[in-house]
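Visitor: Could you take me through one part of this structure up close? I'd like the small sheet and whatever packs around it, in one go.

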Amino acid sequence: MHRIKKLYKENIYGIIGTLSFHILLLCAILLANVKIEGEIKEEQIIIDFSSLDVLPEEEATEEEKTDPENQSSDQEIQQNRTSRSNRAVNDAAAKDPFFDDNYQQEIADAQKLVADVNKQLSKEIPEMKQFEMPEQTTEGMDPDKISNTIYSGESNIHYNLEDRHHTRLPIPVYLAKGGGKITVDIWVATSGKVVKAAVRPNSGIGDPMLPEYALQAALRTVFNTKTDAPSPQKGTITYTFIAQ
């Protein structure tokens with residue numbers, strides 16, 4: 001269960017981002033197809049019915065143009081053509097296979113998927129339990145005598161942060177049931193506080209809790225204040241766990 005929560009916590013935003021991208025891509029393709037389909041059908045209707053208007057006018061004689069009865073007939077013919085044109089346009093829109101039930105269902109499914117993604121994003125991801133662990137402090141010690149490698153039986157902790165030493169170092173190795181080496185990237189402020197930490201992936205770890213132990217220990221670590229250090233200063237802490 002802990003491993004599932006960890007995988008969920010690490011990958012939920014990647015899954016959501018992938019789903020959102022594909023949804024937007026699908027909507028863009030569908031909208032583009034609608035626009036192209038509509039333009040093609042409109043051009044076909046104009047070509048078909050404009051040709052009907054041109055042929056009778058070319059064949060009309062001067063006498064037919066001045067004859068009142070012919071003019072009345074021409075008006076009726078024109079009205080019939082307009083009616084046929086309107087009916088054809090309406091029929092084309094009604095029978096267009098692009099707007100059939102399958103298309104409407106795809107739109108409904110896409111909208112539901114977007115709603116589900118938004119619902120997941122709105123959920124607050126619960127924080128992992130805060131584990132208690134012993135700590136080593138260096139208060140009152142000579143900085144030159146403080147080692148960046150700390151041993152705890154067969155386990156050890158080693159950090160790499162240029163020109164800095166720890167003043168508070170949590171030791172999570174007693175919590176582990178399984179063994180393995182976990183490296184955590186850290187970003188440290190000039191005040192010495194770790195402001196960010198990220199566990200490096202390690203597929204060879206059998207105990208899924210080791211990365212969580214290491215991450216919590218790294219975030220609680222405090223280094224000496226150094227006003228001229230980069231802000232933040234990047235380093236690493238490596239925890240070597242021995243199976244208990």
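**The small sheet and its surroundings**

Guide: Let's start with a strand pairing: S1 (residues 135-137) and S4 (residues 166-170) run antiparallel to each other, joined over 3 bridges. Keep in mind that this is a predicted model. Within that pairing, Gln136 sits opposite Leu169 of S4. S4 also pairs with S7, again antiparallel, this time through 2 bridges. There, Arg168 has Val222 in S7 as its bridge partner. Put together, that's an open sheet of 3 strands in the order S1-S4-S7, with antiparallel pairing. S1 and S7 are the edge strands, each pairing on one side only.

Now zoom in on His166, which is found in strand S4. His166 has a relative accessibility of 1%, so it counts as buried, the limit being under 20%. Its side chain makes a polar contact of 2.8 Å with the side chain of Tyr159. If you skip the neighbours within four places in sequence, His166 touches Gln136, Thr138, Ile146, Ser147, Ile150, Tyr159, Val222 and Phe223. You've met Gln136 already as the residue opposite Leu169, and Val222 as the bridge partner of Arg168.

Two of the other His166 contacts, Tyr159 and Phe223, bring us to the rings. The structure holds 2 aromatic pairs. One of them is Tyr159 with Phe223, an edge-to-face pair at 5.3 Å centre to centre, with 80° between the planes. This pair ties together distant parts of the chain, since Tyr159 belongs to strand S3 (residues 155-160) and Phe223 to strand S7 (residues 222-223), 64 residues apart. Both rings belong to buried residues: Tyr159 has a relative accessible area of 2%, and Phe223 comes in at 1%.

Phe223 also takes us into the largest nonpolar core, which has 29 residues. The residues with the most contacts inside this core are Val184, Ile186, Phe223, Ile237, Tyr239 and Phe241. Elements giving two or more residues to the core are S3, strand S5 (180-188), strand S6 (194-199), H5 and strand S8 (233-241). H5 supplies the largest share, 6 residues. As a general point, nonpolar side chains in soluble globular proteins tend to be buried together.

So what about H5 itself, residues 210-220? Of its 11 residues, 10 are buried, so the helix is largely enclosed by the rest of the structure. The buried ones are Leu210, Pro211, Glu212, Tyr213, Ala214, Leu215, Gln216, Ala217, Ala218 and Arg220. Notice that polar and charged names such as Glu212, Gln216 and Arg220 are on that list too.

To see how H5 meets the core, look at Val184. Leaving out neighbours within four places in sequence, Val184 is in contact with Ala214, Leu215 and Ala218, among others. Its contacts also include Ala197, Ala198 and Val199, along with Gly235, Thr236, Ile237 and Tyr239. Ile237 and Tyr239 are, like Val184, among the core residues with the most contacts.

One last stop while you're looking around: Lys196 lies over the face of Trp187, 4.7 Å from the ring centre.

Methods:
Residues are numbered from 1 along each chain as its sequence is written. This is a predicted model: local features need pLDDT of at least 70, side-chain atom pairs count only at pLDDT 80 or more; totals for chains, interfaces and linings use all residues. Side-chain values use heavy atoms; hydrogens and water are left out. Rings of Phe, Tyr and Trp (its six-membered ring) pair if their centres lie within 6.5 Å; planes under 30 degrees apart count as stacked, over 60 as edge-to-face and the rest as tilted. Helices (H or I, at least four residues) and strands (E, at least two) are DSSP runs, numbered from the N terminus. Buried means under 20% relative accessible area, exposed over 50%, partly exposed in between (1.4 Å probe, protein chains only). A charge sits over a ring if NZ of Lys or CZ of Arg is within 6 Å of the ring centre and within 35 degrees of the ring normal. Two strands pair if DSSP finds at least two bridges between them. A polar contact is a pair of N or O atoms within 3.5 Å; within protein, one must be able to donate a hydrogen and the other to accept it, and residues adjacent in sequence count only if both atoms are side-chain atoms. Contact means heavy atoms within 4.5 Å. A nonpolar core is a set of buried Ala, Val, Leu, Ile, Met, Phe, Trp, Tyr and Cys residues joined through side-chain atoms within 4.5 Å.
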